[in-house]
Amino acid sequence: MAASSGGLRKALFRSPPTVETPSKNPEALESLLNKIQVDIEVDNNLNSLKREMHEQRMAKLRQELEHISQDQWKYKPIDQLIGF
């Protein structure tokens, strides 16, 4: 048991493995920047598409509301039909 805890202690105090920094690898930096740029562009395009779709739905609802108000005279109010 003492031997296993000694191995654990050695593993805890070892220096961490070296991670290659982007300054040492320009291809990795460029790849990372490209990935970030693509993510940003996708988010922007998605938000723009959502906004356009929302505007289209609102325009369609406005048209339906206008159509309903033009036809309103044809029908009795629901309150009268129910008896309120």
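What share of the 84 residues in the chain is made up of buried residues? In this predicted model, buried residues account for 1% of the chain. The accessible surface comes to about 8500 Å², and carbon and sulfur atoms contribute 60% of that area.

The fold is simple to describe. The chain holds three helices and zero strands, and a reader moving along the sequence meets the pattern α-α-α. Helix α1 covers residues 2–12, while helix α2 spans residues 26–71.

Confidence is a helpful companion when looking at these elements. Across the chain the mean pLDDT is 84, with 74% of the residues at 70 or more. Helix α2 has the highest confidence, at a mean of 95, whereas helix α1 has the lowest, at a mean of 60. Where pLDDT is low, predicted coordinates should not be read in detail.

Turning to the surface, one nonpolar patch of about 420 Å² deserves a look. Its members are Leu29, Leu32, Leu33, Ile36 and Ile40. Among them, Leu33 is placed in helix α2, the element in which confidence is highest.

Charged contacts can be summed up briefly, as a search of the whole structure returns one salt bridge. Asp71 and Lys74 are the partners in a salt bridge, and their closest N and O atoms lie 3.9 Å apart. Residue 71 is also where the range of helix α2 ends. Lys74 has a relative accessible area of 48% and is therefore classed as partly exposed, given that exposed residues are those over 50% and buried ones those under 20%.

Conventions
Residues are numbered from 1 along each chain as its sequence is written. This is a predicted model: local features need pLDDT of at least 70, side-chain atom pairs count only at pLDDT 80 or more; totals for chains, interfaces and linings use all residues. Side-chain values use heavy atoms; hydrogens and water are left out. Helices (H or I, at least four residues) and strands (E, at least two) are DSSP runs, numbered from the N terminus. Buried means under 20% relative accessible area, exposed over 50%, partly exposed in between (1.4 Å probe, protein chains only). Accessible areas come from the Shrake-Rupley method with a 1.4 Å probe; for residues, only the protein chains shown count as cover. Patches are made of residues with over 30% relative accessible area and no salt bridge: like charges are joined within 9 Å, nonpolar side chains (Val, Leu, Ile, Met, Phe, Trp, Tyr) within 5 Å. A salt bridge is a side-chain nitrogen of Lys or Arg within 4 Å of a carboxyl oxygen of Asp or Glu. pLDDT is the predictor's confidence in each residue, from 0 to 100.
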